[in-house]
Amino acid sequence: VKWTKRGLLFEPHRYTLPDGCSNFAQSPQALVLDDCVRIYFSTRSRDAGGQYVSHVAFVDVDRAVSRVLRTATATVMSQAGLGCFDEHGIFPINVVRQPNRIVAFTCGWSRRVAVPVETAIGLAVSRDHGLTFERIGPGPVMGPTPQEPFLVGDPFVLIRDGIWHMWYIFGTSWTENPEEPGPARVYKIAHATSRDGLTWDRNGVTIVPAAIGPDECQALPTVFEHAGAWHMYFCYRHATDFRTNRGRGYRLGYAWSPDGRVWQRDDAAAGIDVSLSGWDADMLCYPHVFWCDGQAYLLYNGNAFGRDGFGVAVLEQ
Amino acid sequence: MFSWRKLGHVLDPERIDRPEWMREFAQAPATLVFDTFVRVYFSCRPPADAAGQYVSRAAYVDLKRDNLFEVVGVSPEPIMDLGGLGTFDQFGTYPTSVIRHGDEVRAYYGGWTRCASVPFDVAIGYAVSRDRGATFEKHGRGPVLGASLHEPFVISGPKIRRFGDRWCLWYIAGTKWIPTTGRAEPVYRIRMATSTDGLRWERDGRELIPARLEADECQASPDVIFANGAYHMFFCYRHSLGYRGREKGYRIGYARSTDLATWTRDDTKAGIDVSDTGWDSEMISYPHVFELDGRTLMFYLGNQVGRRGFGLAELDGSLS
């Protein structure tokens, strides 16, 4: 497998975005429409206390995924209420097309005291082709369980033969480290299934073996079927010193499966790595694979977790 | 109307010899009856930290079965640990409700974490004792009942019961946080979930008890006992704001059901109210009703929601 990089596709600071956002376009996720591809991402404003809040926005590009047509001009999802699981932002958002509606699985963030953040997965619906989404309730559809104690997030959903499959992450540890200012978290990829998208069966089992030690953090799985197998891209990093140390930051991982449940990890076959210089030289993260007109595209973020936008690569066949 | 005769102040934490972790409060009593004594679980607090923040710990006191005013034992250590960094119960276990199941004692408890925009969140955890209720081991590191689509926060106040093969968990769920000039205040209402194994819960999905005081009435401690063909729920309720004094503080309410689906609230039947003076003259809350040797008894909290512990009342007649 070989992905050919086409470079930065969207640079948020060149555009006017809703909700007063101008930096960060994180975790791009595509919805193929008749006349364009709508790419959702999370961007950021600062609240009264100077802390970041993540907002959902989108950019429409042409179906060749080469040219920006327009950006969202209005709020895509309203901010959540006081004390809700997604009060301090949504990052990322994953959209699934259904007849007459689009559903979005959201990863909601709320701030904590002992640790910086907790996350859980919510559900929202759009009936206007993805221009706006309404939560179907104020709480999450997937939060912590005895076996998945915190940081449930990063949903990616496919519906196959009436079964909803979700690949997502949950936290396995929070640890104080003397060398770092705040506690460090470790999270891993897991799989859940559902008949209706609301009630999910899951068992606290991680499905992708670690490649860089037991404290490897795995995030943002994206899954597609191709040539008789299931393929997963995700990103992974070390648990500490990952923000500015190029050797410990996010890279893209790859795994494949005959059935979507049992996975073989094979990062060497990922077909993409950091560049020697430029916007994606230090880090690769938040991958999203989609197909349009017979071509597979990989959207992803680069340095600084997507502060300067996202790029696109195409699959060579 | 029921008639509860107050028997007195059973446990005042300030009047017993107690360790530092049990320094303040004795809240949310729940009983487990043994041959010669009644074990009363409650939640207590070490002194507040420099920022004025408390953690809640779970404890018990053993009272002599034929004289519940005589203390015959106290838990030497908290009956369960606090959760680790970042878990739902890192900052408290309050309240606790227990039930026997074979050789085990099962505990359901509210686990407390601290949040940035609101002071706290609560979710319900589950723990098991294999030493007759002396110590409890938690089931996993996360909650068995936490926030869900239509119950977004403050899932607390568990009361566990079993009727036949059906496990019933009454609890409260937050409906909103009210912003104030100080810290935000939650509104919460009584709900129910059922289970066939005590682990996987099916939520009933409704508020069981209509509000009476005001639209934002807060309800807690939904304590259910079956007697004379009906389910009797004693609970407590208060105003959402300004509730720290006599006027708007907790009182004990009552509701009745014959099918566990429909409840009829009638606080005039509760039959217990604040006293004119003394430790329970400003508020009464967190009722727990149980039967012992042919008597129907209620433990409950007094002023400041258990700062001075709990008292005992006895029903004249029966629940009907």
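**Close-up 1. V55(B) sits in a loop of chain B in this predicted model.** The loop runs between strand 3 (37-45) and strand 4 (57-64) of chain B. Leave aside the neighbours within four places in sequence, and V55(B) is in contact with C44(B), R45(B), P46(B), F91(B) and R114(B). If you want F226(B) in the frame as well, zoom out: V55(B) and F226(B) are 34 Å apart in space, C-alpha to C-alpha, and 171 residues apart in sequence.

**Close-up 2. Here's the largest cavity, with about 420 Å³ of space inside.** Searching the whole structure turns up five cavities of 30 Å³ or more. The lining of the largest cavity counts 38 residues, and S110(A), R112(A), E118(A), T113(B) and D121(B) are the ones nearest its centre. Strand 7 (101-111) and strand 8 (117-126) of chain A each give at least two residues to this lining, as does strand 8 (120-129) of chain B. Strand 8 of chain B supplies the largest share, at four residues. By class, the lining of the largest cavity splits into 22 nonpolar, eleven polar and five charged residues.

**Close-up 3. Next up is the second largest cavity, holding about 70 Å³ of space.** Its lining is made of 14 residues, with S54(A), M77(A), S78(A), Q79(A) and I90(A) nearest the centre. Strand 4 (residues 52-61) of chain A chips in four residues, the largest share of the lining of this second largest cavity. As for chemistry, the lining of the second largest cavity has six polar, five nonpolar and three charged residues.

Notes:
Residues numbered from 1 in each chain as written. Chains lettered and ligands numbered in written order. Predicted model: local features only at pLDDT ≥ 70, side-chain atom pairs only at ≥ 80, totals over all residues. Heavy atoms only, no water. Contact = heavy atoms within 4.5 Å. 1 Å grid on protein atoms, 1.4 Å probe; cavity = no way out; pocket = protein on both sides within 12 Å on 5 of 7 lines; lining within 4 Å. Points joined across faces, edges and corners; volume = space filled by probe spheres on them. Nonpolar A, V, L, I, M, F, W, Y, C, P; charged D, E, K, R; others polar.
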